Amino acid sequence: MDWSKFDLAMTDLRYLHGAPVFRVEPRMPVQAVLDNLDDGMTPEAVAEAYQIDLHLVMAVKQFAESQRLAHSV
């Protein structure tokens with residue numbers, strides 16, 4: 001997934017060795033949210049498990065779906 005196009009993410013070597021993280025939660029890797037959604041967790045369960053705002057989880061879900069659709073055409 002190309003997280004550079006996801007406005008809520010950033011990469012910074014000071015956080016998780018430059019892995020894409022949320023701008024508002026720089027210790028939370030964006031890919032971890034997507035991995036858990038892909039494994040079948042509900043957005044609500046992911047938000048609760050990582051103690052992050054549900055809107056961040058939903059944004060990841062929507063972004064990933066849009067990227068997957070764009071690449072399937």
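Buried means under 20% relative accessible area, exposed means over 50%, and partly exposed is what lies in between. Keep those cut-offs handy for the exercises below, which all use a predicted model.

**Exercise 1. Sort Leu-16 and His-17 into buried, partly exposed or exposed, and say where they sit.**

Step 1: Start with Leu-16. Its relative accessible area is 39%, so Leu-16 is partly exposed.

Step 2: Now take His-17. At 77% relative accessibility, His-17 counts as exposed.

Step 3: Find them on the chain. Leu-16 lies in the loop between β1 (9–10) and β2, and His-17 is found in the loop between β1 and β2 too.

Step 4: Check the backbone angles. Leu-16 has a phi near 50°, which is positive although the residue is not a glycine. For His-17 the value is near 55°, again positive in a residue other than glycine.

**Exercise 2. Which pattern do the helices and strands follow along the sequence?**

Step 1: Count the elements. You should get three helices and two strands.

Step 2: Put them in order. Reading along the sequence gives β-β-α-α-α.

Step 3: Look at what comes after α1. There you meet Gly-40, with a positive phi near 105°.

**Exercise 3. Work out whether the radius of gyration of the chain agrees with that of a compact globule.**

Step 1: Get the expected value. For 73 residues, a compact globule would have a radius of gyration near 11 Å.

Step 2: Compare. The chain has 12 Å, which agrees.

Step 3: Add the outline. Along the principal axes, the C-alpha atoms fill a box of roughly 35 × 25 × 20 Å.

Step 4: Look at burial and surface. Of the 73 residues, 36% count as buried. The chain exposes about 4800 Å², and carbon and sulfur atoms supply 52% of that.

Step 5: Check the contacts. Among those with a separation of 6 or more, 38% come from residues 24 or more positions apart.

**Exercise 4. Go through some of the salt bridges and describe how exposed the partners are.**

Step 1: Recall the idea. Side chains of opposite charge can pair when their charged atoms come close. The structure holds four salt bridges, and we'll take three pairs here.

Step 2: Begin with Lys-5 and Asp-2, whose side chains meet at 4.0 Å, N to O. Lys-5 is exposed at 55%, while Asp-2 is partly exposed at 36%.

Step 3: Move on to Asp-12 and Arg-14, which meet at 2.7 Å, N to O. Asp-12 has 19% relative accessibility, so Asp-12 counts as buried. Arg-14, with 63%, is exposed.

Step 4: Finish with Asp-38 and Arg-68, where the closest N and O atoms are 2.7 Å apart. Asp-38 lies in helix α1 (residues 30–38) and Arg-68 in helix α3 (residues 54–72), so this pair ties together parts that are 30 residues apart in sequence. Both ends count as partly exposed: Asp-38 at 44% and Arg-68 at 40%.

Step 5: Zoom out to the charges of the whole chain. There are 6 positive and 11 negative ones, and their mean positions are 7 Å apart.

**Exercise 5. Is Asn-36 buried or exposed, and which residues does Asn-36 touch beyond four places away in sequence?**

Step 1: Place the residue. Asn-36 belongs to helix α1.

Step 2: Apply the cut-off. The relative accessibility of Asn-36 is 16%, so the residue counts as buried.

Step 3: Name the other buried residues of α1. Alongside Asn-36 they are Val-30, Ala-32, Val-33, Leu-34 and Leu-37.

Step 4: List the contacts. Leaving out residues up to four places away in sequence, Asn-36 touches Met-41, Val-46 and Tyr-50.

Step 5: Try a distance. From Asn-36 to Arg-14 you go 22 residues in sequence and 24 Å in space, C-alpha to C-alpha.

**Exercise 6. Where does Pro-26 lie, and which residues does Pro-26 touch, not counting those up to four places away in sequence?**

Step 1: Find the spot. Pro-26 is in the loop between β2 (21–22) and α1.

Step 2: Look around. With residues up to four places away set aside, Pro-26 touches Met-10, Tyr-15 and Val-21.

Step 3: Pick a partner 22 residues along the chain, Glu-48. The C-alpha atoms of Pro-26 and Glu-48 are separated by 17 Å.

Technical notes: Residues numbered from 1 in each chain as written. Predicted model: local features only at pLDDT ≥ 70, side-chain atom pairs only at ≥ 80, totals over all residues. Heavy atoms only, no water. Helix = DSSP H or I, 4+ residues; strand = E, 2+ residues; numbered from the N terminus. Rg over C-alpha atoms; globule rule 2.2 N^0.38 Å. Buried < 20%, exposed > 50% of the residue type's maximum accessible area, 1.4 Å probe, protein only. Contact = heavy atoms within 4.5 Å. Areas by Shrake-Rupley, 256 points an atom, 1.4 Å probe, with all protein chains shown as cover. Lys, Arg positive; Asp, Glu negative; His and termini not counted. Charge placed at Lys NZ, Arg CZ, Asp CG, Glu CD.
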